[in-house]
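The following exercises are meant for a reader who meets this structure for the first time. Please attempt each task before reading its solution.

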Amino acid sequence: KPFWLKQPFWLRVPFGRLRDELVASRLPRPMLVLRARQLALQRLADGGRRGVATSAARLGGHPPYMHMPPAPPPEFEPDGTPKKYPLHQPIWDHGYDWEHWALMPAGVFHTVYYGDFAQDYPPYWAWLQKFPMWVVTPFLTLWAITTMVVFQNAGSIGIKPKRYTIEWMQATKERERQENTNPVTRYLDRRRTERGGTWIAQYNLPWHPYWIWMTQSHDPDYPEYYLPKPGSPHLHYTDSLTTPFVKDE
């Protein structure tokens, strides 16, 4: 007989790629039979290879969860009384009675139905979790950022560095004028403004954390750079490079 007729039937199936995969795998015969059945059923049922999320669980797939099952039924003792389990944690009586149920993976092939109950949380967490996550997340993020900014800069409250006084900032602008600092930046800012109303952050926002209590901070050692109130920290694209910032004596 020809060589291919001497092979078992599961190797003579008219799937060339399937046969090549099985021959190349060098698996024991029972595993080969199981593997051939799985591949054949998958090809016949699906019309070709399919993704994990769209294949049956018996063929190695794992369909996504579209609908959650209902909550588990209550349990009772043989005499009809509700069944109780020992609970080594406090149960809060604060008026919130929400329940959050979710399917969570347990190992590779199983899931558990996990429930969160309002009575397990203190009043502040129970109040917070009664809202959807998409509602609470923006407020929590804003609160966290504000708290971090306040605590990180709390040690600098009332501190007035000399380099941020009005006269020093004017002296910095004079040095930038003499050295022609950042000419490309000023050119691009000018071009952007010519196209229409463009709000540029570096000309409008404060750029150091001491600006709240340094609006009237002066350095008497440099009266030639005096200004009644703080100006821009750096050269503006409208500043003239031919006019010095030093005041005439």
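**Exercise 1. The second largest pocket**

Task: Describe the second largest pocket by the classes of its lining residues, its volume and the residues nearest its centre.

Solution. Step 1: the lining of the second largest pocket comprises ten nonpolar, six polar and no charged residues. Here Ala, Val, Leu, Ile, Met, Phe, Trp, Tyr, Cys and Pro count as nonpolar, Asp, Glu, Lys and Arg as charged, and the others, Gly among them, as polar. Step 2: its volume is about 280 Å³, a volume being the space filled by probe spheres set on grid points that are joined across faces, edges and corners. Step 3: of the 16 residues that line it, P206, H208, W211, P230 and G231 lie nearest its centre. On a 1 Å grid over the protein atoms alone, a pocket is an open set of points with protein on both sides within 12 Å along at least five of seven lines, a cavity is a set where a 1.4 Å probe fits but cannot get out, and lining residues have an atom within 4 Å of a point.

A note on the source: this is a predicted model, in which local features need pLDDT of at least 70 and side-chain atom pairs count only at pLDDT 80 or more, while totals for chains, interfaces and linings use all residues. Residues are numbered from 1 along each chain as its sequence is written, and side-chain values use heavy atoms, with hydrogens and water left out.

**Exercise 2. The largest pocket**

Task: State the volume and the lining of the largest pocket.

Solution. Step 1: the largest pocket holds about 620 Å³ of space. Step 2: it has 15 lining residues, and K83, K84, Y85, L87 and F117 are those nearest its centre. Step 3: this lining divides into ten nonpolar, one polar and four charged residues.

**Exercise 3. The order of elements**

Task: How many helices and strands does the protein chain have, and in what order do they run?

Solution. Step 1: there are six helices and two strands, where helices (H or I, at least four residues) and strands (E, at least two) are DSSP runs, numbered from the N terminus. Step 2: from the N terminus, the order is α-α-β-β-α-α-α-α.

**Exercise 4. Helix α5 and the cavity**

Task: Determine which residues of α5 are buried, and what lines the largest cavity.

Solution. Step 1: α5 has 14 residues and spans 20 Å from first to last C-alpha, close to the 20 Å expected at 1.5 Å a residue; the expected span is 1.5 Å times one less than the number of residues. Step 2: its buried residues are I166, E167, M169, Q170, K173, E174, E176 and R177. Buried means under 20% relative accessible area, exposed over 50%, and partly exposed in between (1.4 Å probe, protein chains only). Step 3: K173 counts as buried because its relative accessibility is 5%. Beyond its neighbours within four places in sequence, K173 contacts S232, P233, H234, L235, D239 and F245, contact meaning heavy atoms within 4.5 Å. Step 4: the largest cavity, of about 30 Å³, is lined by I166, M169, Q170, K173, P230, G231 and S232.

**Exercise 5. The loop after α5**

Task: Are N180 and N182 buried, partly exposed or exposed?

Solution. Step 1: N180 lies in the loop between α5 (166–179) and α6 (183–194), and N182 is found in that loop between α5 and α6. Step 2: N180 is partly exposed, because its relative accessible area is 37%. N182 is partly exposed, with a value of 48%. Step 3: phi of N180 is near 55 degrees, a positive value in a residue other than glycine. Phi of N182 is likewise positive, near 55 degrees.
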